[in-house]
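Please open the structure in your viewer and keep the selection tool at hand. We will walk through it stop by stop.

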Amino acid sequence: MKRTTISLLATATALAAITAFASLAAPDTGNGGAAAQAPARLPVERAGLLCPAPVSSEVAETRYTAFTPPARSGSGTEAKETGAQETGTQDGGGARARAELVPSVSGRSERRSGPDDAPAKDRDRRGPVVPLERPGTPVAAEETATDAPALVGTATGALAPGWTAQQTTVVPAGDIRGLYGLGCTPPATELWIPGASTDRNRKDYIHLTNPDDSPAVVDIEMFGPEGELQTTLTEGVPVPARASVPILLSILTSEATRDVTVHVSTRSGRIGAAVRAGESGTGGDWLTAAARPAPTAVLPGIPADATSVRLVAFAPGDHDAELTVEFAGPSGRIVPAGSESLHVKAGMTAGLDLGRLTQGEGGALIVGPEDGARATPVTAALRIVRGKGEEQEIAFIPATVPVGERATVADNRAKGTTLALTAPDTAARIRVTASAGTEGGRAVVKTYSVKARTTLTVPAPAPAGLKGSYALTLETESGGPVHAARTLELPENGIGMFTVQSFQDDRGTVAVPKAEQDVSVLDG
């Protein structure tokens, strides 16, 4: 047996370069020596994102906003505005760093080989969308084409750690009116999306987007209150390289079901998946993947004026889940009267109407095992309604992961932006940075204290002298964990259109061994 010691420099370089999702933990020998020390964390040097094709409508207007937070200081809790000359905006090999989204090959305008005599409209859309030049300053672009494609992209070097993009579409009128918002996501191999529907008053399309240069093969499963739905054409769905495929969920099954959980997994390749939900009479929004199934689910960002809240939960394992439902508001966690618990059978989706849950106070829903019950993993989402009658509007809130070290949501506006911070168990301090605007302004930093078992809902801070839109970056200073969401409201024709996006840990660093650690490979 040969024992070969890997060059530590090569190890660190490779690990920091591969993806925003990699990590390496050093072996723990338990002897208190160098190998037992925690690995250091370095910024990632490459990250990927994808955005589904926006709503297709003659009156739709879509804005893309991209942002990378400024580099952290040595403490990891402080950030400074960093210009291009200061950062060098170069990757580890000396090449210029880049961060850009480009059109997928889906859609009529995108199926082209690029001849110089292509129509001007097609030539204009070949180039990158929202290319970043430096960290700390967001970039925005508008899209109005009815056949706008999905976008896929990569960030490298100094622009990779925390790279974020937001897609926001306003459809002011028509059957699919609404404010459709989502954060563009990294690719994955498995996703859970509770809260979808195949009911007759819903038109839900699942968008499957492949960011890679090779085809992906996808399986789709759908689960309702009685278990898995009978489906067709859901096994081995091909998604071409760097392409996006939208599929109407109701054509995959003959069962009209109000509450559906969609499970997407890949046989090969990686994928992004989101459901564009449209509901007759109450608008529409994007329904994105929930956090991975866990015994406790936290769903932050319920608006204070919500007129209806419905919980949809799914238990993917072999055991039923006996759940307690609690609302975390500004004064603490309470159990809603008449909605104290929810029984979710194994492999089935359950729904619970919570009515006017908030009573005028914004907050979060926390779902966890009843006292003495098995800690069964579940996944969950909320359907939120604001307004009454013909002025109703819906949005969705999936279960979220904590903010972690840092998380960002882009495309915030001077008016109509609300921040919700939930500390389910332990008090916390959160540092919030409002970036410079896309067209001008100076960054502003505020720190908020969140009491244990409460939700703090505040108007989001905005940059000084703001012009355009801006990004909000959250960093956990102490305590926690904290779950957070941003609500964006853009009223249209008397309707309070809104969308809610959660803050996800940006995984902007990767664990690498410290210099004194011995990282070895055993070669048999």
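**First stop: aromatic rings**

Select Phe-314, which counts as buried (under 20% relative accessible area, computed with a 1.4 Å probe on protein chains only) because its relative accessibility is 1%. This is a predicted model, in which local features need pLDDT (the predictor's confidence in each residue, from 0 to 100) of at least 70 and side-chain atom pairs count only at pLDDT 80 or more, while totals for chains, interfaces and linings use all residues. Residues are numbered from 1 along each chain as its sequence is written, and side-chain values use heavy atoms, with hydrogens and water left out.

Now add Phe-223, which is also buried, at 10% relative accessibility. Rings of Phe, Tyr and Trp (its six-membered ring) pair if their centres lie within 6.5 Å, and the planes count as stacked under 30 degrees, edge-to-face over 60 and tilted for the rest. Phe-223 and Phe-314 form a tilted pair, with 4.8 Å from centre to centre and 35° between the planes. Phe-223 belongs to strand β12 (residues 216–224) and Phe-314 to strand β20 (residues 306–314), so the pair ties together parts that are 91 residues apart in sequence; strands here are DSSP runs (E, at least two residues), numbered from the N terminus. Select Trp-192 as well, since ring pairs link Trp-192, Phe-223 and Phe-314 into a cluster.

**Second stop: a loop**

Go next to Ala-462, in the loop between β33 (454–459) and β34 (464–467). Ala-462 is partly exposed (between 20% and 50%), with a relative accessible area of 32%. Leaving aside neighbours within four places in sequence, Ala-462 is in contact (heavy atoms within 4.5 Å) with Ala-434, Val-444 and Tyr-470.

Technical notes. Helix = DSSP H or I, 4+ residues; strand = E, 2+ residues; numbered from the N terminus.
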